[in-house]
Amino acid sequence: MNRTTLSLIACGAALAALTGAAALTAPDGPGGGTAAAAVRRPVERTTLACPAPSTSDLAETSYTSFTPTTEGTGKDGAAALRPVTQPPAGTDSADGTKDGSTTGTDKKSTDKKSTDKKSDKPVLTPEDPGKPATGDVSGGDAPALVGTAEGRFAPGWTVQETTEIAAGTGRGLHGVACTAPDTEFWFPGASTASSRTDYVHLTNPDDSAAVVDIELYGKDGALKTTVGDGITVKPHSSEPVLLSTLTGEKQNDLTVHLNVRSGRVAAAVQALDDKLGGDWLPAAADPAGTLVLPGIPKDAASVHLIAYTPGDADADLKVQLASPSGLITPAGHETLHVKAGMTTAVDLGDVTRGEAGSLVLTPTERSVPVVAALRIVRGKGSKQETAFLPATAPVGARATSADNTAKGTTLSVTAPTATAQVKVTASAGSGGGSAATKTYTIKAGTTQDITPPAPAGLKGVYALTVEPVSGGPVYASRTLTATEDGVPGITVQPLPDDRGTVAVPEAEQDLTVLQD
């Protein structure tokens, strides 16, 4: 048995650079000493991936990159956002197909236009911390993007992808925050209904292939899938998998579970509806007994709740709305029963009734882990648009949102359990201006829709950061709205912690690792 002595500070720095976020403490007991007090330090490396925005020739996509100013960073660093490199034409994939495709995927994943020399150029080059940078692409052959930020560009690096589609299936406003790669994802709110065209986008930023299993759960439990197991995503490539090719069952409400058995991927679901527009469905927070879905738009015409419990026990949840005046129970929807292994859905109607609101789900008795999301419809008749809001993790140390505009931006903040104060900072604009900061008090059990402080002399788009100052945990989301030909476009992005800092021990200690 070999003994290797490692410095906790060295371990913390290495893990921060590799993962972007971690919490390290020294173990108690023999050989471990007493746990050291942790301090937060800036991460040194962040990797993000953005899915291919659209196949529509009418699509207009903008990317906004922003790194908030973080104390303790050095002067060095670099960052860039580039198209993902596709596999060479004619190569064999793991399932025997050509051109890097896999069964059930869309051909746009291997379009030659994404592999020409132009794809080597960055879509945008991030500005110094504190200032947004933007880039634009047009049409339906824009590829997935990947990027890495290092040094002073890494802490809290955030990239927003926003697409406007003028007509056709999925028309409207689509928005998604580019995400870090991971090994497990939950997407309650997907569908294989005849009116829906849903893709799960899998992007692999690494040098080795990733192998992904896709599981679908409907109202009666697991669906039989033809090719959902062992989908190979080649290095530096992206695969959009059409859900309706994985099963013959047509279901309005599905929960998609991704398990990455080898490697890692970034993932998001693009939900396109023939009549109700479309948007991106981001991954929900990990299964938990209590869930918060922050920032339902006050003018939502209808709200549809989808929930799933992955365990062996049923879940019984109390349903509450955190309104501007406090927690209330929606009439007729006091509780929700979720059967084990089955997706449950319920229409909540216009639950917010013209006021700011967030949905809070808590166990009625024993706690059973659940995932959940909302499908939100805005508008009337043929002029309707869809957005999605999954349950999200709390803001934590700081949350960051990019691509905010002078009009059409709403920040929603809720404090479900205890009164809290938050500091909101609007950055300088991408084309000029100066930052502005304001502090807000969010009373316990309430939601506030905040009009962000306007940056002085704003030109272009700006970024927002939300930082808790005192009190209980807070949850937040950002809503963008834009009306095109009478269609009230909408997209909502939850705002969890931006993973800009990592907890490391304050004092250097020895961690003994035992190896056989």
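Let us begin at one pair of residues: Pro42 stands opposite Thr501 in strand β38. Pro42 belongs to strand β2, residues 38-42, and five bridges join β2 to β38, the two running antiparallel. Before going further, I should state that this is a predicted model, in which local features need pLDDT of at least 70 and side-chain atom pairs count only at pLDDT 80 or more, while totals for chains, interfaces and linings use all residues. Residues are numbered from 1 along each chain as its sequence is written, and side-chain values use heavy atoms, with hydrogens and water left out.

Some vocabulary is needed at this point. Strands, like helices, are DSSP runs numbered from the N terminus, a strand being E over at least two residues and a helix H or I over at least four. Two strands are said to pair if DSSP finds at least two bridges between them. By way of background, strands of a sheet pair through backbone hydrogen bonds, either parallel or antiparallel.

How much of strand β38 is buried? Five of the five residues of β38, which spans 501-505, are buried, so the strand is largely enclosed by the rest of the structure. Here buried means under 20% relative accessible area, exposed means over 50%, and partly exposed lies in between, with a 1.4 Å probe and protein chains only. Thr501, Ala503 and Pro505 point one way from β38, Val502 and Val504 point the other way, and all are buried.

Taking the wider view, the protein chain holds one helix and 39 strands. Of its 516 residues, 54% are buried. With a contact defined as heavy atoms within 4.5 Å, residues 24 or more positions apart account for 81% of the contacts with a separation of 6 or more.

I turn next to a sheet. This is an open sheet of four strands in the order β6-β4-β8-β9, paired antiparallel. Which strands stand at its edges? They are β6 (133-138) and β9 (172-177); each has a single partner strand, so one side of each is left without a neighbour in the sheet. From one strand to the next, the twist averages 15°; the axes are lines fitted to C-alpha atoms, for helices over the stretch in contact, and angles run from 0 to 180 degrees between N-to-C directions. Within this sheet, six bridges join β4, residues 59-66, to β6. One of the bridged residues is Ser65, whose partner in β6 is Ala133.

The next topic is the disulfide, meaning a pair of cysteine sulfur atoms within 2.5 Å. The structure holds one. It joins Cys50 to Cys178, with an S to S distance of 2.0 Å. The pair links distant parts of the chain, 128 residues apart: Cys50 lies in strand β3 (residues 45-50), and Cys178 lies in the loop between β9 and β10 (184-190). The torsion about the S-S bond is about 110°, so the disulfide is right-handed. Cys50 is buried at a relative accessible area of 0%, and Cys178 is buried at 7%.

Now to charged residues. Side chains of opposite charge can pair when their charged atoms come close. A salt bridge is a side-chain nitrogen of Lys or Arg within 4 Å of a carboxyl oxygen of Asp or Glu, and a search of the whole structure finds ten. Among them is the salt bridge of Arg152 and Asp128, at 3.1 Å from N to O. These two residues are 24 positions apart, with Arg152 in the loop between β7 (145-151) and β8 (158-165) and Asp128 in the loop between β5 (77-83) and β6. Arg152 is partly exposed at 22% relative accessibility, and Asp128 is partly exposed at 44%.

Are Arg196 and Asp198, which form another salt bridge, buried or exposed? Both are buried, and their side chains meet at 2.7 Å, N to O.

A further salt bridge joins Glu467 and Lys423, whose closest N and O atoms are 3.7 Å apart. Glu467 lies in strand β35 (residues 462-471) and Lys423 in strand β30 (residues 420-426), 44 residues apart. Glu467 counts as partly exposed at 23%, as does Lys423 at 31%.

I close with Thr247, found in the loop between β15 (237-242) and β16 (254-262). Thr247 is buried, with a relative accessible area of 7%. What does its side chain reach? The side chain of Thr247 reaches the backbone oxygen of Lys224 at 3.2 Å and the backbone nitrogen of Glu249 at 3.2 Å. Leaving out residues up to four places away in sequence, Thr247 touches Thr192, Leu216, Leu223 and Lys224.

Methods
Polar contact = N/O pair within 3.5 Å; in protein donor to acceptor, adjacent residues only side chain to side chain.
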